[in-house]
Amino acid sequence: MKLAVISCIHGNYEALNAVLSDIDAQKADQIYCLGDLVGYGPYPNAVVEMIRSLDIPTCQGCWDEDIVEGLNACECSYPSQLAETRGRLAHEWTNSVIHPEVREYLATLPMTLKLDNLCFVHGSPSSQHEYLLPSMDGFAALERVLSADADVLFCGHTHVPYVRDLEDAALSVNVQQPDQTESPKQFQVALRQIVNVGSVGEPRHGRPNATYVLYDTDTAQVTLREVPYDYAKTCLAILEQGLPPIFAWRLARGMEFAERADDPTHVCER
Amino acid sequence: MTHWAILSGIEGNLAAYEAVLQDMRRQRHPVSDLYVLGDVIGLHGDNDAVIQRLQSPRSSEWVPQVCIGWWEEQCFSLHGLNSSPDAPELMAQFGGDGVKRLWESVSRESVRWLRSLHFGFHELDCLLIHGSTVSYADELTPDTPAIQLCDRLVRADANHLFCGRSGQTFECWVTPTRLRSTVTTLDGVQDPQDQGKTPRRVVGIGSVGRIPGQATYTLYNPESDRLNFRTVNYGKAKGFGATIA
Ligand SMILES: [Zn+2]
Ligand SMILES: [Zn+2]
């Protein structure tokens, strides 16, 4: 079976349409979505309606959660102060235009989805707000995949796609307790994978093209896809809606400097 | 010479804490620093008395360095001082009676003092904390999956992680021997990296007040890297004296 996995559409209807056409052309059998349907972009309602009308299984993203729960006091919704100021404006705008039934739908989204040996999350299995960066320690990354009880963990949230193979891991543990003999144990894990599917509507890999991933469940082949679309249309709509112009600027470049987390593994305890 | 005494889980049990202090005074290698890794308060003792004892050590005594534990977080929750109001964890485990007792047994001033405490201490290549950097409620034991212990050590950014949540005394050496990581981006495949690391360990430091009559705590010499788990019998069981476990 050929899966298409998309994430972080962020109210960008143009980009979603382009990606859906590409998925059609690639003849994928099933689409999964890893959340962040809303936020930053000008068409949050239209994006949600499209995802719903296609019955695409979807996880709740960090932006979806914030629209449902309200912005929490924990500053961890934003990786930096600059990101926070902009994020707040976008949150308030999105919050004011979102339809009640769209909000209700976002509230029903699950944190994780499973399909056999595959697990789908927005940020990480422990939080929608955790960034699984490709530079994260390999053992910590492996822990995330194993905690999801999966062979392949699909995530988004960083807006930069990558595939990470974690191979031939070996770990030993030696417990010493008072009045007990030592008990050395060995653990080995042959192969696990993290697949970050990038972002449809707010890419940050250095080009303005939308990104998503194809996965063949028979061959375990991962394909990172990059899809050009008419981003100028979305940029114009961002400006027309009175959203921060920086969102249009960075959308046209596919880059972002303020969104790098100080502590990417921070887990919010809300 | 630095010689640390590390303890947790007094849980309002003043007699247990006094017994541990006495055991510390008896050590041949004098204790230089005292760390208290949370759970100062609990349901079955005199919480305010223990807090006062920690706040004002006698002139010849160590000034304890205290951090926040599970019980303190429950207390903050009851007082609306953290992100989850009404202490759902406390309610689930100890019911309405537990909530009432904790609410009544910690004065406002004590709550304010507890709130000023740290979440943990980074000293040398050690992290001293109640649970882990993931959460105050994170309970690490010898039975915790190896990869999870490894993850907590990586996140702790330390070679030695001292924690008190489980109340057990144990020493768990974790060796992340090898792991080959290969990242592929839109620009192509990057060189594989071996993520193997030197051995590091999680240390369970015991519990002073949880078991009546028997306190456990840990002595650590960062220079020699030597650990000494202490078991102190007190009260009725006192006749047996302190035993080295
Ligand atoms: Zn996103
Ligand atoms: Zn996100």
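These are my notebook entries on the zinc sites and the aromatic contacts of this structure. The model is predicted.

**Entry 1: zinc ion (ligand 1)**

I started with the metal in chain A. Which protein atoms are the donors of the zinc ion (ligand 1)? I found C8(A) through SG, H10(A) through NE2, D36(A) through OD and H159(A) through NE2. They lie 2.2 to 2.6 Å from the ion. Along the chain, the donors follow the spacing C-x1-H-x25-D-x122-H.

Next I checked the geometry. The angles among the four donor atoms run from 83 to 170°. Four donors count as tetrahedral only if all angles lie between 85 and 135 degrees. The site of the zinc ion (ligand 1) is listed as irregular.

I then placed two of the donors in the fold. H10(A) is in the loop between strand 1 (2–6) and helix 1 (13–25) of chain A. D36(A) is in the loop between strand 2 (30–33) and helix 2 (44–53). The two are 26 residues apart, and the pair links distant parts of the chain. Both H10(A) and D36(A) are buried.

**Entry 2: zinc ion (ligand 2)**

I moved to the zinc ion (ligand 2). Its coordinating atoms are OD of D36(A), SG of C62(A), NE2 of H122(A) and ND1 of H157(A), at 2.1 to 2.4 Å. I noted the sequence spacing as D-x25-C-x59-H-x34-H.

Why is this arrangement irregular? The four donor atoms subtend angles of 87 to 155°. Tetrahedral would need all angles between 85 and 135 degrees, so the upper end of the range rules it out.

I looked up where C62(A) and H122(A) sit. C62(A) belongs to helix 3 (residues 62–69) of chain A. H122(A) is in the loop between strand 4 (118–121) and helix 6 (138–147). They are 60 residues apart, again a link between distant parts of the chain. C62(A) has 5% relative accessibility and counts as buried. H122(A) is at 1% and also counts as buried. The cut-off for buried is under 20%.

**Entry 3: the bridge**

Which residue bridges the two zinc ions? I found D36(A) in that role. The zinc ion (ligand 1) and the zinc ion (ligand 2) lie 3.4 Å apart.

**Entry 4: aromatic pairs**

I turned to the rings. The structure holds 13 aromatic pairs over all chains. I took W4(B) and Y35(B) to begin with. Their ring centres are 5.3 Å apart and their planes stand at 65°, so the pair is edge-to-face. The angle cut-off for that class is over 60 degrees.

W4(B) is in strand 1 (residues 4–7) of chain B, and Y35(B) is in strand 2 (residues 33–37). That puts them 31 residues apart in sequence. W4(B) is buried at a relative accessible area of 3%. Y35(B) is buried as well, at 2%.

I also checked W70(B) and W71(B). Their centres are 5.0 Å apart and the planes make 85°, so I logged this pair as edge-to-face too. W70(B) has 2% relative accessibility and counts as buried. W71(B), at 6%, counts as buried.

Which residues form one cluster with W4(B) and Y35(B)? I listed F121(B), F162(B) and Y220(B).

**Entry 5: charges over rings**

I finished with two arginines. In chain A, the charged end of R250(A) sits over the ring of Y40(A), 4.4 Å from the ring centre. In chain B, R115(B) lies over the face of F76(B), at 4.4 Å from the ring centre.

Key
Residues numbered from 1 in each chain as written. Chains lettered and ligands numbered in written order. Predicted model: local features only at pLDDT ≥ 70, side-chain atom pairs only at ≥ 80, totals over all residues. Heavy atoms only, no water. Phe/Tyr/Trp six-rings, centres within 6.5 Å; stacked < 30°, edge-to-face > 60°. Helix = DSSP H or I, 4+ residues; strand = E, 2+ residues; numbered from the N terminus. Buried < 20%, exposed > 50% of the residue type's maximum accessible area, 1.4 Å probe, protein only. Lys NZ or Arg CZ within 6 Å of the ring centre and 35° of its normal. Donors = N, O, S within 2.8 Å, 3.2 Å for Na, K, Ca; no water. Tetrahedral: all angles 85-135°; square planar, octahedral: opposite > 155°, others 65-115°.
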